[in-house]
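User: I'm new to reading protein structures, and I'd like a close look at a single part rather than a quick tour. Could you pick one helix, walk me through what surrounds it, and point out anything unusual on the way?

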Amino acid sequence: MPKVRTNRVKYPEGWELIEPTLRELDGKMREAELDTHDGKRKCEALWPIFKITHQKSRYIYDLYYRRNEISKELYEFCLDQGYGDRNLIAKWKKPGYERLCCLRCIQPRDHNFGTTCVCRVPKHLREEKVVECVHCGCGGCASGD
């Protein structure tokens with residue numbers, strides 16, 4: 001007789017402390033996905049989704065690395081379940097990428113001349129003072145700002 005599989009996920013200790021915030025951010029994500037994008041440019045329709053994804057990942061990162069309020073087991077569980085972006089968090093741990101908004105901003109294949117996004121340029125070196133990233137709507141994520 002085959003084993004009966006259940007979809008019960010065993011939540012690690014401390015999950016009840018961060019669950020309300022993550023559920024709230026999931027609700028915001030659903031609203032952003034269902035929001036109409038009438039009158040917006042094609043790229044602007046995805047900006048709220050990028051911002052909420054960044055917010056969830058930053059929340060998990062801060063709880064584990066900055067405040068030390070969650071265990072490694074809970075941190076790994078959150079990343080495995082898709083509550084945070086593992087690759088983005090890995091970049092935040094490296095010097096110069098502490099304020100990175102999304103991974104598309106540093107991928108040379110997504111930009112002209114094989115460079116990075118304009119939001120990665122420090123504000124004091126920009127010719128234009130107000131800049132929005134085309135990919136995520138970020139105003140500037142350079143570490144020197």
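Analyst:
**From an exposed residue to helix H3**

At 81% relative accessibility, Phe113 counts as exposed. Keep in mind that this is a predicted model, and let's use Phe113 as a starting point. This residue sits in the segment after H4, and its phi is near 65°, a positive value in a residue that is not glycine. Most residues other than glycine have a negative phi. Another residue of this kind is Asn68, with a positive phi near 55°. You will find Asn68 in the loop between H2 and H3, where it is exposed, with a relative accessible area of 61%. That loop leads us to the part I'd like to show you, helix H3.

Some background will help first. The chain has 4 helices and 0 strands, so its pattern along the sequence is simply α-α-α-α. Of its 145 residues, 35% count as buried. The C-alpha atoms fill a box of roughly 65 × 40 × 30 Å along the principal axes. Among contacts with a separation of 6 or more, 51% join residues 24 or more positions apart.

Now to H3 itself, which covers residues 72-80. Its buried residues are Leu74, Tyr75, Phe77, Cys78 and Leu79. What covers them includes H1, H2 and H4. Let's take two of those neighbours in turn.

Start with H2, residues 47-66, which packs against H3 at an angle of about 160°, with the two axes 10 Å apart. Since that angle is over 145 degrees, H2 is roughly antiparallel to H3. The crossing of this pair is left-handed. On the H2 side, Ile60, Tyr64 and Tyr65 take part, and they meet Lys72, Tyr75 and Cys78 of H3. Sorted by type, the residues of this contact are 5 nonpolar, no polar and 1 charged.

H1 gives a second view of H3. The axes of H1 and H3 come within 11 Å and cross at roughly 30°, and this crossing is right-handed. Trp15, Ile18 and Leu22 of H1 make the contact with Leu74, Phe77 and Cys78 of H3. Here the residues divide into 6 nonpolar, no polar and no charged. Notice that Cys78 appears in the contact with H2 and again in the contact with H1.

Trp15 deserves a pause of its own. Not counting residues up to four places away in sequence, Trp15 touches Leu22, Arg23, Leu74, Phe77, Cys78 and Tyr83. Three of these names, Leu74, Phe77 and Cys78, belong to the buried residues of H3.

Let's step out to the wider setting. In soluble globular proteins, nonpolar side chains tend to be buried together. The largest nonpolar core in this model has 29 residues, and those with the most contacts inside it are Trp15, Ile18, Leu22, Cys78, Cys101, Cys105 and Cys119. H1, H2, H3 and H4 each supply at least two residues of this core.

One of those core residues, Cys119, also leads to a residue outside the helices. Cys141 lies in the segment after H4. Leaving aside neighbours within four places in sequence, Cys141 is in contact with Arg99, Leu100, Cys101, Cys119 and Arg120. With a relative accessible area of 1%, Cys141 is buried. The C-alpha atoms of Cys141 and Pro122 are separated by 8.0 Å, though the two are 19 residues apart along the chain.

Back around H3, two charged residues make a good contrast. Asp26, found in helix H1, has 16% relative accessibility, which is under 20%, so Asp26 counts as buried. Beyond four places in sequence, Asp26 touches Lys56 and Tyr83. Glu13, by contrast, is placed in the segment before H1 and is exposed, with a relative accessible area of 72%. Even so, Glu13 is in contact with Ser71 and with Leu74, leaving aside its neighbours within four places in sequence. Leu74 is one of the buried residues of H3.

Finally, look at what comes after the helix. H3 is followed by Gly82, whose phi is positive, near 90°. To retrace H3 on your screen, begin with its buried residues, including Leu74 and Cys78, then find the contact residues of H2, among them Tyr64, and those of H1, among them Ile18.

Conventions: Residues are numbered from 1 along each chain as its sequence is written. This is a predicted model: local features need pLDDT of at least 70, side-chain atom pairs count only at pLDDT 80 or more; totals for chains, interfaces and linings use all residues. Side-chain values use heavy atoms; hydrogens and water are left out. Axes are lines fitted to C-alpha atoms, for helices over the stretch in contact, and angles run from 0 to 180 degrees between N-to-C directions. Angles under 35 degrees count as roughly parallel, over 145 as roughly antiparallel, 65 to 115 as roughly perpendicular and the rest as oblique. A crossing is left-handed if the near helix is turned anticlockwise from the far one by less than a right angle, and right-handed if clockwise. Contact means heavy atoms within 4.5 Å. Ala, Val, Leu, Ile, Met, Phe, Trp, Tyr, Cys and Pro count as nonpolar, Asp, Glu, Lys and Arg as charged, and the others, Gly among them, as polar. A nonpolar core is a set of buried Ala, Val, Leu, Ile, Met, Phe, Trp, Tyr and Cys residues joined through side-chain atoms within 4.5 Å. Buried means under 20% relative accessible area, exposed over 50%, partly exposed in between (1.4 Å probe, protein chains only).
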